[in-house]
Amino acid sequence: MARLGIDLGHCLCLCLCLGLGLGLCSSACGTPPSPTAPTAASACDAPYFRHALVSPSYARVGPHTGEVHVVASDAATADLAIAVANTIVIARVPLARLEPAVVLESPVFAAPGAPAPLPIAVEPGFPLPAAGTYRDGAWLHVHHDTGVAFDGWISASARGTIWQPGLAVPPLLHADLLDFDARVDHDDALPVIAHVDDSAATDATHVGDWLHVRSRTAFVRLDAWAHLPVAPPRQRHTFDFQDDTIEADDVRFDHLFDLPRDSCLYAAPDTRAAVVGITTSAVAADPAPGTIGWLRLDLDAPWGRVIAYARDDAR
């Protein structure tokens, strides 16, 4: 269960059974099985769920852009945990559902086999396309459009699905910079290697008419040079709010119940069902249709919609 950073180049078919009379099986590799509750969370154990968010391993699922914690993994599945809407939920997901990412800090090269890297590095967690562009089987094309925008190549061995963050780096302060083009050195004859916008955190040191810039985003670092920007003229605006009227709609409270902290969330309205999560603070819930004494929560997790149930007497 400790095998991390696995990159599957082939399709996995997996049949998972919950032991509750419900079998979730994939009939074809093109349709991965649905997430299930991990057996380790079969009991209502609040510390277990809270500890899941301390896991140092991460992954992405489907189009979800944020990271989820990887509690455990093996050759076929991973137990994923996420905090969502004042709850913590865990599900067992096939590795085929995980999105590829950089799992090892990697310098970026301008071309495959270039003698020296650019002053750009991608860190663990940098997202990669599902179908990457390779060169000679050893190089993988990388591209980024925002923050620090660049185009280059890294070692193909850095590709995987489960990663651990790199070493902590002190946060950078935003310098008073507009968008700028970055070069390897302070020489206009050198090509532009990246374009940096104001969404990146940047520190800058003045050196004549140039700036030595250090920029970073969540998964990209840059140490390069840029021209001093030309500041635009300041514009002043006068606003008159004297005759303005502020209106607000009536507030409606559609939920009837509030679940307290550490309420157990079940996969079905049955205390024998798998426990899929807990609440981390008071959560609004509605009566579960067709049941007596049960409340229902609908949660959007990266791996899909989670329908969870809680006992009404948990209030």
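Q: What do the side chains of Arg261 and Asp262 do together?
A: They meet in a salt bridge, at 3.9 Å from N to O. Keep in mind that this is a predicted model.

Q: Noted. Is Arg261 buried or exposed?
A: Arg261 is exposed, with a relative accessible area of 52%. Its partner Asp262 comes out as partly exposed, at 33% relative accessibility.

Q: Where does Asp262 lie?
A: In the loop between β19 (257-259) and β20. The backbone there is worth a look too, as Asp262 has a positive phi of about 65° although it is not a glycine.

Q: What sign does phi have in most residues other than glycine?
A: Negative, for most of them.

Q: And what's the phi of Asp136 like?
A: Phi of Asp136 is near 60°, again a positive value in a residue other than glycine. Asp136 sits in the loop between β10 and β11, and with a relative accessible area of 72% it is exposed.

Q: Back to charges. How many salt bridges does the structure hold?
A: There are 11 salt bridges. One of them pairs Asp79 with Arg92, with the closest N and O atoms 2.6 Å apart.

Q: Which strands hold Asp79 and Arg92?
A: Asp79 is in strand β5 (residues 77-84) and Arg92 is in strand β6 (residues 87-94), so to speak a link between distant parts of the chain, 13 residues apart.

Q: Why does Asp79 count as buried or exposed, whichever it is?
A: Asp79 is buried, because its relative accessible area is 3% and the cut-off for buried is under 20%. Arg92 is buried as well, with a relative accessible area of 14%.

Q: What about Arg305 and Asp300, what do their side chains form?
A: A salt bridge, 2.7 Å from N to O. Here Arg305 is exposed, and Asp300 is exposed too.

Q: Which residues are joined into one network by salt bridges that share partners?
A: Glu105, Glu123, Arg216 and Arg221.

Q: And what sits over the ring of Trp294?
A: The charged end of Arg311, placed 5.0 Å from the ring centre.

Q: Switching to rings. How many aromatic pairs are there?
A: The count comes to four aromatic pairs. Among them, Phe109 and Trp139 form an edge-to-face pair, at 5.2 Å centre to centre and 80° between the planes.

Q: Where are Phe109 and Trp139 in the chain?
A: Phe109 is in the loop between β8 (106-107) and β9 (120-122), while Trp139 is in strand β11 (residues 139-144). They are 30 residues apart, and the pair links distant parts of the chain. Both Phe109 and Trp139 are buried.

Q: How far apart are the ring centres of Phe126 and Phe150?
A: The centres are 6.1 Å apart and the planes are at 35°, so the pair is tilted. Phe126 lies in the loop between β9 and β10 (134-135) and Phe150 in strand β12 (residues 148-155), so the pair ties together parts that are 24 residues apart in sequence. Phe126 and Phe150 are each buried.

Q: How many disulfides does a search of the whole structure find?
A: One disulfide. Cys44 and Cys264 form it, with their sulfur atoms 1.2 Å apart.

Q: Where are Cys44 and Cys264 placed along the chain?
A: Cys44 is in the loop between β2 (23-25) and α1 (46-52), and Cys264 is in strand β20 (residues 264-266). They are 220 residues apart, and the pair links distant parts of the chain.

Q: Is the disulfide of Cys44 and Cys264 left-handed or right-handed?
A: The torsion about the S-S bond is about -45°, so the disulfide is left-handed. As for burial, Cys44 counts as partly exposed at 39% relative accessibility, whereas Cys264 counts as buried at 15%.

Q: Zooming out, how many helices and strands does the protein have?
A: It has one helix and 24 strands. Of the 315 residues of the protein, 40% count as buried.

Q: What share of the contacts between residues at least 6 apart in sequence join residues at least 24 apart?
A: For this protein, 55%.

Q: Last one: what does the accessible surface of the protein come to?
A: About 17500 Å², of which 54% belongs to carbon and sulfur atoms.

Definitions and conventions:
Residues numbered from 1 in each chain as written. Predicted model: local features only at pLDDT ≥ 70, side-chain atom pairs only at ≥ 80, totals over all residues. Heavy atoms only, no water. Disulfide = S-S within 2.5 Å. Helix = DSSP H or I, 4+ residues; strand = E, 2+ residues; numbered from the N terminus. Buried < 20%, exposed > 50% of the residue type's maximum accessible area, 1.4 Å probe, protein only. Phe/Tyr/Trp six-rings, centres within 6.5 Å; stacked < 30°, edge-to-face > 60°. Lys NZ or Arg CZ within 6 Å of the ring centre and 35° of its normal. Salt bridge = Lys/Arg side-chain N within 4 Å of Asp/Glu carboxyl O. Contact = heavy atoms within 4.5 Å. Areas by Shrake-Rupley, 256 points an atom, 1.4 Å probe, with all protein chains shown as cover.
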